[in-house]
Every structure is written in structure tokens, then in C-alpha cells.
Amino acid sequence: MTGTATQGFTNFNPSWYQRLSNNAARVRNTVTNLDIAAIKAGHKIKISPNSHLFLEKLSPYQRVQITRKIASLSPTPRPNDASSQKNADNIYSVVEINTGFAISYKVQAGTVYILEIVPNPKLMGAGKELPALYVVKRAGPAGQWALVNKPVESINTAHAAINGQSNDLDRSRNLMGVHLSTMFKQDVVKEFTLFHNPTDGGFWDTYESSLDKKQQTTAVSKQFSKVLADVQAKGNPVKWLAHSQGGLIFTEGARFHWENNHTELTNNSVQFNAGANNEAITKGILKDVKIDILGFNNHPFDPVPNLIGGNAKDWVSKLGSTIGLFFIFTDNPNKSPHTLPYTGNSSVVNGVYDVRNKSALVVQSIVNSLPK
Amino acid sequence: MLKKKPSSTAFFIALFVFLTTIIMEPGMATPKSALIKLDLSGQAISFSSPVNYSKDFPWPSEKEYRINIHDKDIYKSAYTELENAYSIRQSYWDYGRGIIFGGAKGTLSMTMVLYRTFDKNTDAKNSSEFITALQTDFEKTYDKQAREEFGIELPEHYQTTAISNLDWGHYEYLMGRGERHVVYAIPVSEQHYLMITFNFINNSHGEKNDWKDQAQATVDFIMSSFKMN
């Protein structure tokens, strides 16, 4: 949309788009009155309905960055980095460099009208990614996972996956391929659909996770809920693999769907690997929408499912996961309990539980030998 | 004058960083390597593989492989329709991992495949025929449909390159959104060759990082360590 009609435009309120929890706002210093004050002093800003809806669909990080850029147009509506549109008076475009989104706008009678916000095609592929569905297939001499060139609108494969945090599209396709082929070995998975949960960096991904954890549905979870509903509507069963943050998005997407539609999602089933979601809460939510849980596969010492998800089965797991917290940040594959599909074959875990069991037997035999 | 108390959050962050630092292995900056040996129907090949593998992907524990290259059954795969390639080994390394947040900035994968030439009349021991076979095999493995589907660009050059007294067939191609694939191949019989593909998987979220230089150093280290008897 590059037309100049401005019917339906509403006042632009930065604090609405920048809304963050108090703690996150304090850390990132995002919500201040400075932007709002600048708008009151400079040009008014009005935003098109489509741009408003588009901003609502973005991640917290993207919303904050783009909102700041828009707010900066109030005192300086024609900044040095703005390019004017050919054959159109007073229509400009600026790029928000942190996210790669281009904002086109019109300046007229002391008002900046935000016309459209679009991903900058020149920056796509460099990490400026949006949540989307992609088909991934085995290809080449070793059957490596390869991405089919363009995103798809719906799922037409028997398997699908949603990735966790800190993974760009290309790494996700490989990592989720490994998880799927490990967990569904008997299915001989040759292709799957990836719902790519893009990353905005560790801080923002973690913040996003905390929102879904508190059932404050994020944009990516809302989008994912539509994918689950679409699978149901199409009628073909899909086995999902949800990894780490993907477990939270899956659960919250299903809960959001139930809250708004009260319909079942029986064509979806899911395997959670190292999910940050709580098993008891997940079971309750997925029981409502009748999604089969194929399993929870967690390393007993992985802090993500055991501490963040609150799924530790016993005190050994709690202690091991607390120690494991320090190891998930290391590069050592023999020590880190997170991310790699857990096969149940860890000598460390087996050794610790062996010691625990033997100790319990010794204590029990001492107790038994005491005079009654 | 009242002294400001340090916040408990700052204390825990400092404790966390301290413990993380002491738990990380001091020798991580200079990764150790393992000697990997292959016996391909009597043709002995060895190379060194850094053992600081990615913690996110499965890593190979085998160090010795004995393969009968004339066994037709090994070239069949449950995953692809190709009957010319036998996947021997796949390994991954991560680069630029942040201490607390952010994950790796990039991943290098190394795929080692035993290839049987599509053209049965090829003499892979002949240098020029080998280069032609590499081109033929690439274009048959990734036919026009596959190249369009996965966004694969044909290699610009197929050439011979000498590394540590071994002559390798070599080419590069881009895939998808510009993912770089670097291929080295060396004949082990008239119709068989060993192919190594290094795949540079970007995970930098668009940030500038030198992970590709570090990954290239791993490639150079591995390739210069190859020995063939």
C-alpha cells in the first residue's frame, strides 16, 4: 500500500507498542516519556490500520525498535537516511537498521502518516526473519536437510517442528531435522515443515518466553495457534516436535486457540524435547484441545525443562539441573545437558542415580538394623 | 554518609559469571583433535578432527572405519533415491557462542561421503576425467528441479588443488540464502572417491562476527592433516 488516502488512520502512541513488563523496561530503558514528549512537541504521527496490525504481529524487540524509529520522525520528519519516493510528493521511506524493516510515510500539514511497514528485502537472509512455515527435505549425497526456497502457507507434511530460541532459519532447519529424525526414527522422516520461531537475541527471546510462560500470549504464539487450527481444518494428522522455547509457544498457542475458539485440535500430536513448558500445565491445556502428547524427552539435569519448566522429578534432578545451569553455556558437548536430543544414555546421569540408589539401600539397611 | 548497598541481583550475576568461568574448561581456546582412520578396501586415509564439537548436534565417537567400497548395498539410503553415495561421518562445530545469552554465531558442518561415479566408464584416477566426473555427479545429484527447489547455484569452477602433497578435486557452491558449501574430493579407485563437504551455517542474526574466519581455520586445519597411503 503506497496510496496517500489517510482515512482510518489513528494517533500513534509509542507506549502502546512498547509495552513491556516493568523489569524488562527497566533493563532495556525502552518505555520512557521522551518519545511521547517529542511527539507532542513535533509533528503529530498517525498510523494506518494495516501498519497498526502489522506492528501488533511483531516480536517485542521488533516492536520496540520500529516504534522508536517512528517516534523519531516527529521532531525530524525528513532525516538524512530518509529516501523520497519517485513521482510522489512528500512520501518517504526509512529503514530501521536493527530489524531491517522499512517504514514508508507521508508528511502533510504538520502530520506524519505511517503508510506501511515492510521487511527490507535487501536485508532478508541476514537474520532479519519473521515467523513462517518452511518445507525442509533431505537432499544431496548424505541426505542433509535442505530448505525449500520459499515459505509455505500451510502444512502438507506428516511431521512438523517448532524451534527454540537463538536459532536463525538455517541452523533451525538442521537442528530440528536432527531432533525429528532421532525422536521419530521409525517414521524414516524424509521431509518436514518447520515453523520457524526467529530469534531477536538471547535477552529478547528469553523475555518472549517469560510472556508465554505467564500466558500473556506473544505474537508468535498467536500466529502459531492459527497453524494448529489450519492443521485441524485440513484434516491430515501432523506429528510435531517442539524444542525448548518451542514447547512454550506450542502450549500457549493451543491455550490461546481454546480460549478464543473452544474447538478441538485433534489432528495435531506433539513430542516435547527439552521444553521450557511445565508438564502438568501442558497436559491440562492439551487435554482441552485434545492434542495427543507423544512424550516429554528431557535430560534429567537440563535446567530448561527441570527448573524453568518446573519438571524436576526428584531432588537429584533439581540439584543436577542447578549444576547443569552452568554447563548449558559451555561449548563442551559432553557436559551440556540442553539442546541435543536426550537418548537416555548418559553415563553421568546413570552414575549419579546409581550412587543415589546405593546410598538409599545403605541407609535403609542401617535403619533396618536398628533395634525396633 | 550512607553507603549504597550492592543489589542482590548484581551479586547473583557476578556469582553466576564467576562460576561459569571456572567451570568452563581452560583448554577450550586450543581444542584437542582426534586422529580418524579410514580403510577403504585397502586404501588407508587418515586425518585429524578437532574434538570441540557442537553441543547441539550429535557428534561421531568412531575413530576407525573399515569399509568395503565394492559392496553395492552400502550406497542405498533410506532417505534419498540416490544409490551412489555412502555417508560415512558427519560432524558440527560452533563458533562465537556468547557466555550467557545468544547461542552460536555460526556452525560448520563436515560431511564425509564415499561416492561411486555415475559414469561407469570414468577413470577417477585420471585427473581430468576425475574433474569431469565431479561435475557430472554434482549435476545428477542436484538436477535442475532440485537446484530450483533448494536455490542451488552451479559451481563456477571445478579444479584440482594441492593440499599437503595430496591432489584434491575442489569446487564451491551456494545454496538457499547464500549458504556456502566447500567441497574437496579425492579418488580411492577408478570409480570411487571420498568427498568432503564443509557447510557454513550462519546463525549471526545479521550481526557482524568473525565466525566464518574461525570456521575456515578449522577447514584448513582438517584439510592439511589428511594423509593417504
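This passage describes chain A as a whole, then one helix and one buried residue of chain B. The model is predicted.

Chain A has 372 residues, of which 55% count as buried. Its secondary structure comprises 13 helices and 13 strands. Contacts in chain A often link distant parts of the sequence: among those between residues at least 6 apart, 70% join residues at least 24 apart. The accessible surface of chain A comes to about 16600 Å². Carbon and sulfur atoms account for 54% of that surface.

In chain B, helix α4 covers residues 211–225. At 1.5 Å a residue, its 15 residues should span 21 Å, and the end C-alpha atoms are indeed 21 Å apart, so expectation and model agree. Seven positions are listed here as the buried residues of α4(B): B:Trp211, B:Ala215, B:Thr218, B:Val219, B:Ile222, B:Met223 and B:Ser225. Seen down the helix axis, these buried residues fall within an arc of 165°, and therefore line one face of α4(B). An α-helix has 3.6 residues a turn, so residues three or four places apart point the same way.

B:Leu108 lies in strand β5 of chain B, which runs over residues 106–116. Its relative accessibility is 0%, so B:Leu108 counts as buried. Beyond its neighbours within four places in sequence, B:Leu108 contacts B:Ala215, B:Thr218 and B:Val219, among others. Those three residues also belong to the buried set of α4(B). Further contacts of B:Leu108 include B:Ser91, B:Tyr92, B:Trp93, B:Tyr95, B:Phe198, B:Asn199 and B:Phe200. B:Leu108 and B:Trp211 are 103 residues apart along the chain, and their C-alpha atoms are separated by 9.4 Å.

Technical notes: Residues numbered from 1 in each chain as written. Chains lettered and ligands numbered in written order. Predicted model: local features only at pLDDT ≥ 70, side-chain atom pairs only at ≥ 80, totals over all residues. Heavy atoms only, no water. Helix = DSSP H or I, 4+ residues; strand = E, 2+ residues; numbered from the N terminus. Expected span 1.5 Å × (residues − 1). Buried < 20%, exposed > 50% of the residue type's maximum accessible area, 1.4 Å probe, protein only. Arc of directions from axis to C-beta. Contact = heavy atoms within 4.5 Å. Areas by Shrake-Rupley, 256 points an atom, 1.4 Å probe, with all protein chains shown as cover.
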